[in-house]
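Reader: Hello! I am new to this structure and would love a close look at one part of it. Could you take me through a piece of the surface and then show me how the rest fits around it?

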Amino acid sequence: MTVTTPPDSRHRWTIFAVCGLSMVLVGLDTTIVNVGLPSIGEGLGVPTNELAWVIDAYTVTLASLLITSGALADRFGRRRMFRVGLTVFGLASVACALAPTVEALIAARVVQGVGASMLNPVALAIVAHTMTDPRERARALGFWGALFGISMAAGPLVGGVLIASFGWRSLFWINVPVIAVALLLVAVVIPESWGSRSRRVDLFGQVLLAVVLFLAVGLLIEAPRWGWTAPGTLVGVGVLALALPTFVAVERRTSEPLMELGLFHRPVFTAAVVGAVAAFVALSAALLLITVSTQHGRGWTPLQSGLAMGPMALAIVVFAPVSGLLVARGRAPLALTLAGVTVVVGAVAAGIAGVDGSLSVVLAAYAVIGAGLGLGNAPLTNTAISSLPVERAGVAGAITSTARQFGSALGIAAIGAILAGTQAVQVAAASLPGWLLVASCGAVLLGVAAICHGRRTPRPGRSRTPLPVTR
């Protein structure tokens with residue numbers, strides 16, 4: 001398949017802006033529901049602690065299908081796949097807004113995740129195809145990571161405003177006009193592009209990956225309710241223990257695997273993927289902890305809870321571009337080191353302050369965590385994407401996006417498990433292990449920084465030949 005010529009400089013950043021709009025949608029819908037869980041539970045007659053699947057049905061589906069969607073876009077056309085994804089996402093949003101039961105809402109969230117999977121890696125591949133200059137691409141990837149992190153952090157704030165004004169169903173109605181505008185802009189602005197070669201779909205690998213991700217997250221969600229030694233839990237653990245090595249064995253023997261495991265032989269690439277998981281475990285866990293501690297612990301409204309997350313969102317906005325500049329200057333390890341330190345410090349401070357601590361201290365802790373998450377996105381994205389040739393950008397973007405979404409789902413599931421059965425008066429004590437989990441994610445980022453520093457990667461803007469993709 002012929003790869004189209006990239007557009008001139010007048011259009012590149014316009015294309016980036018259109019793709020970024022879709023990513024804001026994906027990021028918002030990853031977290032916008034967090035602050036609305038109590039309202040959704042009240043509206044549908046379901047306890048809040050039984051609504052984890054309303055969030056994770058979306059994120060796990062998204063994580064499961066990202067790689068296949070990226071490969072299909074490289075084969076059948078990125079703009080075409082992008083438009084299909086926007087349409088599916090919009091129709092599923094309508095179904096979510098009209099859902100009469102929690103089961104219907106969860107099912108609609110699954111379909112919404114299918115649509116989102118066609119947006120995330122495809123938009124990133126379009127950006128990588130458009131930004132041909134390495135230095136410009138590094139800046140774009142920095143802004144890209146910032147957009148996604150900002151949208152996830154801003155989700156609860158936007159959700160609080162919508163719930164206060166229009167009720168919880170507006171969390172999904174808001175997507176419809178944005179999707180309509182995005183479809184129009186895609187038709188006018190974005191050119192069609194393909195990968196340099198077609199890849200067949202690894203259907204068996206796709207099924208196995210979905211099984212592994214759903215079981216890993218599902219066990220964290222359901223085991224506290226079933227019991228860790230209950231028959232259902234033990235069966236799930238057994239199936240997961242079988243499915244994971246089977247997936248690895250299948251991918252190693254397939255000529256065109258879903259996930260190219262040879263990439264993980266490169267320490268820097270592996271570290272970047274692990275760091276992406278840790279960063280989004282920290283983000284999703286922190287957002288849910290803030291929701292629980294403010295609404296259940298302090299008795300705040302959804303709007304007040306969303307406003308409490310403002311310092312975190314603002315810090316991500318401020319520090320993400322700083323991280324992009326550091327990456328463009330070849331200082332990715334420094335950005336990751338600062339990210340790790342600030343996440344650890346902020347999480348420990350939030351845990352010590354608890355529900356009864358000074359509000360100014362708590363909000364400052366949230367801002368410090370946000371600064372760390374803002375600093376971490378750009379170097380992680382750039383390191384992972386730079387490991388593949390530009391024509392494989394769909395696959396590279398899908399792997400890192402899968403890591404992020406899996407991290408988001410794990411963070412929600414882990415906090416749900418930690419807080420299972422907790423009453424409002426017990427939130428302060430029960431939240432401390434959750435904040436320690438966030439701090440441990442910061443420690444992981446410090447480890448990633450050490451690996452990247454020990455194996456220095458080329459500075460963006462210097463020419464180099466991409467390493468061949470091993471199978």
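Author: Happy to! Let's begin with V235, a residue that sits in helix α11. Please keep in mind that this is a predicted model. V235 has a relative accessible area of 54%, so it counts as exposed, the cut-off for that word being over 50%.

V235 also has company on the outside. Together with V201, L203, V207, V211 and V239, it makes up a nonpolar patch on the surface. The accessible area of these residues together is about 470 Å². Two elements each give two or more residues to the patch: α10, covering 203-226, and α11, covering 231-253. Of the elements, α10 gives the most, with three residues.

For a contrast, look at N377, which is found in helix α16, spanning residues 359-385. Its relative accessibility is 5%, and therefore N377 counts as buried, since buried means under 20%. N377 also shows how the chain folds back on itself: L147 is 230 residues away along the chain, yet the C-alpha atoms of the two are separated by 9.6 Å.

Now to the interior. The largest nonpolar core has 94 residues, and L105, M312 and W435 are those with the most contacts inside it. Helix α12, residues 267-297, gives the most to this core, contributing 20 residues. W435 is a good place to pause. Apart from neighbours within four places in sequence, W435 is in contact with A286, L289, I290, A347, A350, G351, Y366 and I369. There is also a second, separate core of 30 residues, with L62, L66, W144 and I179 among them.

Stepping back, the chain has 18 helices and zero strands. Of its 471 residues, 57% count as buried. Among contacts between residues at least 6 apart in sequence, 85% join residues at least 24 apart. The accessible surface of the chain comes to about 17600 Å², and carbon and sulfur atoms account for 68% of that.

Finally, a word on confidence. The mean pLDDT of the chain is 80, with 86% of the residues reaching 70 or more. Two stretches to read with this in mind are residues 1-5, where the pLDDT is below 50, and residues 460-471, where the pLDDT is also below 50. Beyond near neighbours in sequence, residues 1-5 have 13 contacts in the model, while residues 460-471 have 33.

Technical notes:
Residues numbered from 1 in each chain as written. Predicted model: local features only at pLDDT ≥ 70, side-chain atom pairs only at ≥ 80, totals over all residues. Heavy atoms only, no water. Helix = DSSP H or I, 4+ residues; strand = E, 2+ residues; numbered from the N terminus. Buried < 20%, exposed > 50% of the residue type's maximum accessible area, 1.4 Å probe, protein only. Core = buried A, V, L, I, M, F, W, Y, C linked by side-chain atoms within 4.5 Å. Contact = heavy atoms within 4.5 Å. Patch = residues over 30% accessible without salt bridge, like charges linked within 9 Å, V, L, I, M, F, W, Y side chains within 5 Å. Areas by Shrake-Rupley, 256 points an atom, 1.4 Å probe, with all protein chains shown as cover. Salt bridge = Lys/Arg side-chain N within 4 Å of Asp/Glu carboxyl O. pLDDT = per-residue confidence, 0-100.
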